[in-house]
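Student: Could you walk me through one small part of this protein up close? I'd like to see what surrounds it and how the neighbouring pieces fit in.

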Amino acid sequence: MSPRPEVLSAMPCNVLRCLCLLALPWLVGAAQAAPVRYAINPAHTVTTYELGSIQSGRFERHSGSIVLDLAEKTGHADVSIDTASIHSGVALFDQILLSTELFDAAHYPTLLFVGDRFAFNGETLTEVGGNLTLLGITQPVLLAVKNFECHTPADAVSGPEVCAGSFETTIDRTLFGMDLGVSLGLPKSVHLLIQVEALQQ
């Protein structure tokens with residue numbers, strides 16, 4: 001219960017000063033520990049994929065958010081990838097990728113990654129564990145952090161903080177029901193590299 005105003009007004013100034021000094025570390029700590037939300041910047045976010053040495057390409061449209069609590073070493077990420085934004089560099093092959101044989105974009109327009117296990121080594125983010133949903137099937141994945149940092153742009157007078165990083169993993173596409181060509185010797189392992197930028201909200 002907070003002291004009544006008449007009680008505070010009756011206190012000597014030095015007592016009030018002491019109370020304020022005692023409360024200051026708690027207030028500062030509470031502010032520093034607050035989670036911070038960042039919105040993904042689609043203009044500076046891309047996911048590339050590699051199917052062995054046979055085929056590679058990228059997804060160009062992303063949305064979502066990342067919440068970080070650096071004091072508690074916790075976080076949460078929701079990243080949605082527009083399936084139709086896949087680009088292999090060959091229009092005919094893009095049509096095959098989007099067909100029911102592979103990504104089936106008409107029925108599954110998004111890939112979704114939800115990460116809730118953020119691992120740190122000291123102050124450095126090293127891994128993000130979570131689940132990837134592809135073709136309606138959800139499987140656990142672990143993203144290794146190649147690099148990650150947050151900063152305020154030097155040319156921004158009062159702009160938002162920016163977090164940027166690169167994350168990678170390798171998935172078995174057959175676990176998601178995507179087995180086209182495996183019986184013919186095509187690789188089932190797909191390497192993913194997610195390069196993301198997010199702006200503080």
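Tutor: Sure, let's start with Ser 166, which touches Ala 144, Val 145, Lys 146, Asn 147, Leu 193, Ile 194 and Gln 195, leaving aside residues up to four places away in sequence; contact means heavy atoms within 4.5 Å. This is a predicted model, where local features need pLDDT of at least 70 and side-chain atom pairs count only at pLDDT 80 or more, while totals for chains, interfaces and linings use all residues. Residues are numbered from 1 along each chain as its sequence is written, and side-chain values use heavy atoms, with hydrogens and water left out.

Ser 166 sits in strand S10 (residues 162–172); strands are DSSP runs of E, at least two residues, numbered from the N terminus. Ser 166 counts as buried because its relative accessibility is 10%, and buried means under 20% relative accessible area with a 1.4 Å probe, protein chains only.

Now look at Phe 167. Its contacts, again skipping residues up to four places away in sequence, include Leu 125, Val 128, Phe 148, Leu 192 and Val 196. Phe 167 is also among the residues with the most contacts inside the largest nonpolar core, which has 35 residues. Such a core is a set of buried Ala, Val, Leu, Ile, Met, Phe, Trp, Tyr and Cys residues joined through side-chain atoms within 4.5 Å. Strand S11 (residues 189–200) gives the largest share of this core, five residues.

S11 also has a partner: three bridges join S1 to S11, and the two run antiparallel. Strands pair if DSSP finds at least two bridges between them. Ile 40, for one, has Ala 198 in S11 as its bridge partner.

Terms used: Buried < 20%, exposed > 50% of the residue type's maximum accessible area, 1.4 Å probe, protein only. Helix = DSSP H or I, 4+ residues; strand = E, 2+ residues; numbered from the N terminus.
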